[in-house]
Amino acid sequence: MDFSLNDEQRAWQLKARKFADEHIRPISVERDRIVDPAGTFDWDVVRKGSRLGFRTAAVPKVWGGAGLDFVTLVLVASELARGDSAIGKTFTQCWKWSHLLATQCSEEQKERFLRPFMEDHEYLLGRGITEPDAGSDNRLPPESDPKAGLKLRAERQGDHWVLNGTKVFIAHGNVAKLIIVDARTDPTVSVKQGTTMFLVPRDTPGFRVGKVFNKSGWRFYQNTELIFENARVPVTNTVGTVNRTDAKRTGQAPGGDPFSDLEYTANALGVADAACDQALAYAMTRRQGGSTLIEQPAILIKLSRMYILAEALRSFVLRSAWEHDNKIRSPIGALVMNFSTDVIQETSELNLEIHDSGPCEVDYAADKLVNDGFIWSHISGDSASRLRAMQQLLAHKAAG
Ligand SMILES: Cc1cc2nc3c(=O)[nH]c(=O)nc-3n(C[C@H](O)[C@H](O)[C@H](O)COP(=O)(O)OP(=O)(O)OC[C@H]3O[C@@H](n4cnc5c(N)ncnc54)[C@H](O)[C@@H]3O)c2cc1C
């Protein structure tokens with residue numbers, strides 16, 4: 001397999017690296033340290049990055065986006081995350097939902113939502129699935145139990161759907177201009193068969209944002225409650241067929257949307273690279289026992305482990321992206337996401353150990369990478385995600 005990059009891929013990689021060096025890393029720790037979880041966000045960096053095309057990178061060229069292939073998206077996502085994982089995620093979170101608008105909405109809906117998204121540097125997108133009593137059950141739903149999974153109810157009243165219920169942990173809940181919301185349109189059948197996707201603009205009557213979650217990692221990235229009290233959504237804002245959200249919701253159907261897996265994995269790669277950068281810089285300058293840390297075999301062994309893990313993840317994610325670009329059907333997309341959890345957590349912890357090797361205060365930037373790495377335990381390293389990856393692998397093997 002040829003891992004060399006073409007000119008366009010290299011140009012996007014360098015553009016993202018420059019932006020991360022000049023505009024993301026300088027504000028990373030400062031934003032992370034802000035105590036109020038709603039105060040960590042910074043529109044200035046969003047606008048600057050959007051002007052360079054990072055927010056709209058996944059939108060097809062016909063709609064004015066960069067229409068990047070998956071290999072290039074992976075390169076960009078990892079460079080942005082190398083500056084700051086949560087700020088990078090703020091851009092890449094828009095990729096999958098803008099791609100969903102471009103590929104699954106009607107032409108009329110694209111004019112109303114994708115067009116303004118392309119024209120406004122402050123137009124962010126979100127997706128509301130998780131609820132207080134429905135997290136993993138939305139991804140691994142017990143097939144026959146109508147009570148499992150999301151419960152936010154949508155009932156048809158004339159030319160509107162009326163939504164009632166609560167979503168939690170929704171990314172960009174308080175900063176998005178449009179949230180794509182999954183609601184139960186038939187509560188008598190399983191979540192896979194009775195769910196519909198709705199386009200919910202921020203100013204929808206009866207819809208409001210609740211609390212902003214105070215996370216230890218990804219502090220820049222906003223996660224909120226969304227509250228629907230007789231929220232009235234026009235029938236023209238339904239995406240696709242009523243009661244048929246299952247494949248689109250999980251993004252895991254055959255031929256489905258691989259954005260999530262690659263995005264999380266590329267972001268983890270950026271953090272692993274940042275952990276290597278930090279550890280090496282510290283080991284080269286910190287003196288203990290009459291020499292710099294880099295001269296001590298125990299430190300070299302730790303550094304070697306970190307670089308091995310980062311390079312293994314780079315190969316794995318680039319291969320996975322290349323397979324998606326070349327329409328090669330493979331189950332490794334889900335596995336690479338789980339591997340990224342192991343890599344981000346081990347490399348960030350080794351970096352922290354190296355920083356903590358002397359009688360100094362633990363470096364906040366090293367601490368931050370560990371906190372960001374724990375996010376993967378929830379979003380992709382959890383048991384449900386590993387189970388789903390293995391189910392896909394076994395199904396793939398059974399199909400020959
Ligand atoms: C930073 C962040 C951003 C997020 N952004 C969004 C967003 O934008 N939109 C959105 O809709 N949601 C979002 N979420 C929510 C996320 O999708 C859920 O946290 C996730 O689905 C897990 O649900 P839960 O937290 O309710 O855990 P639970 O489902 O309660 O699971 C708890 C534990 O039990 C395990 N478990 C559960 N069921 C099974 C099973 N059947 N077999 C084996 N183990 C099982 C899980 O793996 C986990 O370890 C976000 C979460 C985080 C942390």
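**View 1. Secondary-structure elements around the ligand in the predicted model.** Four elements each supply at least two residues of the shell around the ligand. Two are strands, β1 (125-128) and β3 (160-171). The others are the helices α10 (364-379) and α11 (383-398). Domain 2 (125-246) and domain 3 (259-398) each give at least three residues to this shell.

**View 2. Residues of the ligand shell.** The ligand is surrounded by 20 residues. R127, I129, T130, S136 and S383 are the closest. Sorted by class, the shell holds 9 nonpolar, 8 polar and 3 charged residues.

**View 3. Polar contacts to the ligand.** T130 takes part through its side chain: a polar atom there lies 2.6 Å from a ligand nitrogen. F169 takes part through its backbone, with an N or O atom 3.1 Å from a nitrogen atom of the ligand. A171 also uses a polar backbone atom, placed 3.0 Å from an oxygen atom of the ligand. On its own, the ligand has 980 Å² of accessible area, and the protein covers 65% of this.

**View 4. Domains of the protein chain.** The domain assignment gives three parts. Domain 1 spans 7-119, domain 2 spans 125-246 and domain 3 spans 259-398. Taken over C-alpha atoms, the centres of domain 1 and domain 2 are 23 Å apart.

**View 5. The interface of domain 1 with domain 2.** Here 30 residues of domain 1 contact 24 residues of domain 2. The two domains bury about 2,300 Å² between them. Carbon and sulfur atoms account for 68% of that buried area. On the domain 1 side, P37, W97 and F113 supply 24% of the area buried against domain 2. No other three residues supply more of it.

Technical notes. Residues are numbered from 1 along each chain as its sequence is written. This is a predicted model: local features need pLDDT of at least 70, side-chain atom pairs count only at pLDDT 80 or more; totals for chains, interfaces and linings use all residues. Side-chain values use heavy atoms; hydrogens and water are left out. A residue is near a molecule or strand if one of its heavy atoms lies within 4 Å of it. A polar contact is a pair of N or O atoms within 3.5 Å; within protein, one must be able to donate a hydrogen and the other to accept it, and residues adjacent in sequence count only if both atoms are side-chain atoms. Accessible areas come from the Shrake-Rupley method with a 1.4 Å probe; for residues, only the protein chains shown count as cover. Ala, Val, Leu, Ile, Met, Phe, Trp, Tyr, Cys and Pro count as nonpolar, Asp, Glu, Lys and Arg as charged, and the others, Gly among them, as polar. Domain bounds come from an automatic or database domain assignment. Contact means heavy atoms within 4.5 Å. Buried area is the accessible area (1.4 Å probe) that two parts lose on being put together, summed over both.
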